[in-house]
Amino acid sequence: IPRIIPAHEWQSMEKGLVQRVTALNRFIHDVYHDQEIIKAGIIPADQILNNAQFRPEMMGVDVPHQIYSHISGIDIVRAPNAQGEGEYYVLEDNLRVPSGVSYMLEDRKMMMRLFPELFSRHRVAPVAHYPDLLLETLRASSPASSAEPTVVVLTPGMYNSAYFEHAFLAQQMGVELVEGQDLFVKDQFVYMRTTRGPKRVDVIYRRVDDDFLDPKVFRSTSTLGCAGLMDAYRAGNVAICNAVGTGVADDKSIYPYVPQMIEFYLGEKPILNNVPTFMCRKPEDLAYTLANLKDLVVKEVHGAGGYGMLVGPASTKAEIEEFRAALVANPSGYIAQPTLSLSSCPTYVESGVAPRHIDLRPFVLSGRTVQMVPGGLTRVALKEGSLVVNSSQGGGTKDTWILQA
């Protein structure tokens, strides 16, 4: 059963997404260059410089068109606002290696096969051109002057949980899927080994985390990356998408500052609001959180995939007390948010058709322009009453229809 969003709601969301991702890219560039936002006193220096995702190796490195997050997955939820009306909020920004877009494409393919008559009767905005837009975005980031830049998808390998997506996107774009051992660096250029000899690589769409990219610079034991890759990158001879160090902007401790970033860099009011967030490193926010643990969602600032979090209303007293101790021991490692009454959508489950909570992850591509396909991946919490939609925690997905008027 698809999730349906009317065209006018999508248009407003799309504007908000373009605005947000533009500001986030400006922020990452600023962090690794002049650090104006720190000098202006908007974000405390230690929040950025001591962030686990901050990469000092990126200081002063210029990237093509100053774009760091070429592929952004912005998680959006719909919940009642203060007036009790439904409003879209940004729950989190995924700027490192956001995944899930292959499910958006496969869901649509399946729906078109099962219900062709619905698509002939209704004007559902298409999403099948996403791989074309992705390839266009990756090519636009190429540092080389060659008219036909060579793009590859770098995967950690077949044992990675998102390997299907890596292979799927490489195949859809018509580019090579490579592992670290297929690449080597010579004279600060990156080459891939082929049956016809070495071929120069201009753009790497990497699905490998920063720490594993270059054993000479990051984790020396990594076999997933390519030694010397950062030298070639710093020399401007290869583009890495997303750029190294983008994680500094999608950390949950930085998320509360995004509305101020939008005003600081763009001089505009945010179109999409954040979910109200308590930063536990602030004494008053910590006191409020500790007093209301049973009603709040508490998340680790570096956590991902629905792990390392407490959903107060769904937790036992023992779990709450255990989390309380962790919070008191390391307050700056956590943020807290109200438990939103997330919107739900009719979902076909074992008992029949029933409401299940959902969120939406549109995929925003930043190349010469910022663009996206209409819709995105709707994730569904398949357990009754659950608010955790992550696939790693048993969540499912739905086709998302943007209905054109």
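A residue is called buried when its relative accessible area is under 20%, and that cut-off is the one to keep in mind when looking at helix H6 in this predicted model. Helix H6 spans residues 130-140 and is mostly covered, since 8 of its 11 residues are buried. The buried residues of H6 are Tyr130, Pro131, Leu133, Leu134, Leu135, Thr137, Leu138 and Ala140. In an α-helix there are 3.6 residues to a turn, so residues three or four places apart point the same way.

From the helix we can turn to a strand. Ser72 belongs to strand E2, which covers residues 71-80, and Ser72 is buried, because its relative accessible area of 0% lies under the 20% cut-off. The side chain of Ser72 reaches the side chain of Ser69 in a polar contact of 2.8 Å. If residues up to four places away in sequence are not counted, Ser72 touches Val21, Asn94, Leu95, Pro98, Pro362, Phe363 and Val364.

Another buried strand residue is Val298, which sits in strand E13, residues 296-300, and has a relative accessible area of 0%. Leaving aside its neighbours within four places in sequence, Val298 is in contact with Thr289, Leu293, Gly308, Met309, Leu310, Phe323, Leu327, Tyr334, Ile335 and Ala336. Val298 can also be compared in position with Glu350, which is 52 residues apart from it along the chain, and the C-alpha atoms of these two residues are separated by 31 Å.

Arg368 offers a contrast in its surroundings. Arg368 is found in the loop between strand E18 (363-366) and strand E19 (370-371), and with a relative accessibility of 70% it counts as exposed, because the value is over 50%. Measuring along the sequence, Arg368 and Phe218 are 150 residues apart, while in space their C-alpha atoms are 30 Å apart.

The cysteines come next. How many disulfides does the structure hold? The structure holds 0 disulfides. A disulfide is a covalent bond between the sulfur atoms of two cysteines. For Cys241 the reason can be given as a distance: the closest cysteine sulfur, in Cys226, is 16 Å from the sulfur of Cys241, which is too far for a bond because a disulfide needs the two sulfur atoms within 2.5 Å. Cys241 counts as buried, at 0% relative accessibility, and Cys280 is buried too, with a relative accessible area of 1%.

The backbone at Cys241 also deserves a look, for the peptide bond from Cys241 to Asn242 is cis, with omega near -5°. Asn242 lies in the loop between strand E10 (239-241) and helix H9 (258-266). Two further loop residues have a backbone angle to note. Gln35, in the loop between helix H1 (7-31) and helix H2 (36-39), has a positive phi of about 55° although it is not a glycine, and Gln35 counts as buried at 17% relative accessibility. His65, in the loop between helix H3 (45-49) and E2, has a positive phi of about 60°, and His65 is not a glycine either.

The last part of the tour concerns empty spaces. A search of the whole structure finds 2 cavities of 30 Å³ or more. The largest cavity has a volume of about 40 Å³, and its lining is made by Val63, Pro64, Ile67, His70, Ser141, Tyr233, Ala239, Ile240, Cys241 and Ala243. Strand E10 gives the most to this lining, with 3 residues, and by class the lining has 8 nonpolar, 2 polar and no charged residues. Cys241, met above at the cis peptide bond, is thus among the residues that line the largest cavity.

The second largest cavity has a volume of about 30 Å³, and the residues lining it are Ile71, Arg96, Val97, Pro98, Tyr205, Arg206, Arg207 and Asn242. By class, this lining has 4 nonpolar, 1 polar and 3 charged residues. Asn242, on the other side of the cis bond, lines the second largest cavity.

There are pockets as well, and the second largest pocket holds about 320 Å³ of space. It is lined by 18 residues, of which the closest to its centre are Val311, Ala314, Ser386, Leu387 and Val388. Strand E14, residues 309-311, gives the most to this lining, with 3 residues, and by class the lining has 9 nonpolar, 7 polar and 2 charged residues.

Notes. Residues are numbered from 1 along each chain as its sequence is written. This is a predicted model: local features need pLDDT of at least 70, side-chain atom pairs count only at pLDDT 80 or more; totals for chains, interfaces and linings use all residues. Side-chain values use heavy atoms; hydrogens and water are left out. Buried means under 20% relative accessible area, exposed over 50%, partly exposed in between (1.4 Å probe, protein chains only). Helices (H or I, at least four residues) and strands (E, at least two) are DSSP runs, numbered from the N terminus. On a 1 Å grid over the protein atoms alone, a cavity is a set of points where a 1.4 Å probe fits but cannot get out, and a pocket is an open set with protein on both sides within 12 Å along at least five of seven lines; lining residues have an atom within 4 Å of a point. Grid points are joined across faces, edges and corners, and a volume is the space filled by probe spheres set on the points. Ala, Val, Leu, Ile, Met, Phe, Trp, Tyr, Cys and Pro count as nonpolar, Asp, Glu, Lys and Arg as charged, and the others, Gly among them, as polar. A polar contact is a pair of N or O atoms within 3.5 Å; within protein, one must be able to donate a hydrogen and the other to accept it, and residues adjacent in sequence count only if both atoms are side-chain atoms. Contact means heavy atoms within 4.5 Å.
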